[in-house]
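Subject: Structure for your review

Dear colleague,

Please find below the sequence and structure that I am handing over to you. I would be grateful if you would keep the structure open while reading the notes that come after it.

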Amino acid sequence: MKSTLEVINKMQASGVISRYAIGEAVGAIYYLEAITTQDIDIFVSIKSPPGKLIATLDPIYEYLKASGYHFKGQHLQIEGWPVEFLPAEDPLCSDALLSAIEVEMDGTKTWVMSQEHLIAIAIKTGRPKDFLRLQQFVSLGTFVEEYLREIVNKHKLTSKWEEFKRTP
């Protein structure tokens with residue numbers, strides 16, 4: 001993963017991407033025990049280029065293709081890891097991106113979403129694998145409950161969070 005993160009950091013240093021944060025399973029690995037995952041999900045802030053109305057991930061793809069990386073399915077293969085770039089468009093993901101913390105993963109500095117944001121995104125997404133991750137976070141108990149409550153309230157996820165907490 002080190003080489004993959006180095007490529008992403010180089011993209012940031014080159015201005016291809018600005019702020020980014022690792023989310024989903026690999027983001028959770030920073031806080032939880034290692035779990036099996038298929039890819040690295042990188043959330044990025046994208047803006048419309050001057051004179052264009054629609055923002056796309058094209059500059060990222062063009063940069064990586066010019067650097068010799070290629071798609072395999074929906075992922076770009078970067079140094080052996082499948083990577084998916086996701087626009088942090090919705091308010092929760094945008095908030096998570098802005099609140100990401102700088103950490104060291106595999107000996108490389110990178111940005112990871114806070115565990116409270118990872119929990120809120122898992123609540124919102126609601127897939128079975130997300131509920132398993134939620135259970136791991138709750139069992140570990142290292143997140144800040146008050147901060148999570150703020151995020152959950154702000155993004156109107158309170159009823160889903162309460163429902164999850166009532167589930168045996």
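The notes below begin with the overall fold and then turn to the aromatic residues.

Please bear in mind that this is a predicted model.

Overall fold

The secondary structure of the protein consists of eight helices and seven strands. The radius of gyration is 16 Å, close to the 15 Å that the globule rule gives for 168 residues, so the protein is as compact as a globular protein of that length. Measured out along the principal axes, its C-alpha trace spans about 50 × 35 × 30 Å.

Of the 168 residues, 42% are buried. Among the contacts with a separation of 6 or more, 65% are between residues 24 or more positions apart.

Surface and charge

The protein exposes about 9,200 Å², and 53% of this area is supplied by carbon and sulfur atoms. There are 18 positive and 22 negative charges, and the mean positions of the two sets are 3 Å apart.

Aromatic pairs

The structure contains six aromatic pairs, two of which are described here.

One of them joins Tyr 31 and Phe 137 in a tilted arrangement, with 6.3 Å from centre to centre and 55 degrees between the planes. Tyr 31 belongs to the loop between helix H2 (24–29) and strand S2 (40–44), whereas Phe 137 is in helix H6 (residues 128–140); the pair therefore ties together parts that are 106 residues apart in sequence. Both Tyr 31 and Phe 137 are buried.

Another pair, formed by Phe 131 and Phe 164, is stacked: the ring centres are 5.9 Å apart and the planes are at 15 degrees to each other. Phe 131 lies in helix H6 and Phe 164 in helix H8 (residues 158–166), so this pair ties together parts that are 33 residues apart in sequence.

Are these two residues buried or exposed? Phe 131 has a relative accessible area of 31%, and is therefore partly exposed. Phe 164 has a relative accessibility of 11% and so counts as buried, the cut-off for burial being under 20%.

Finally, ring pairs link Phe 131 and Phe 164 with Phe 143 and Trp 161 into a cluster. Helix H6 thus merits a look when you open the model, because it holds Phe 137 of the tilted pair as well as Phe 131 of the stacked pair.

With kind regards

Conventions:
Residues numbered from 1 in each chain as written. Predicted model: local features only at pLDDT ≥ 70, side-chain atom pairs only at ≥ 80, totals over all residues. Heavy atoms only, no water. Helix = DSSP H or I, 4+ residues; strand = E, 2+ residues; numbered from the N terminus. Rg over C-alpha atoms; globule rule 2.2 N^0.38 Å. Buried < 20%, exposed > 50% of the residue type's maximum accessible area, 1.4 Å probe, protein only. Contact = heavy atoms within 4.5 Å. Areas by Shrake-Rupley, 256 points an atom, 1.4 Å probe, with all protein chains shown as cover. Lys, Arg positive; Asp, Glu negative; His and termini not counted. Charge placed at Lys NZ, Arg CZ, Asp CG, Glu CD. Phe/Tyr/Trp six-rings, centres within 6.5 Å; stacked < 30°, edge-to-face > 60°.
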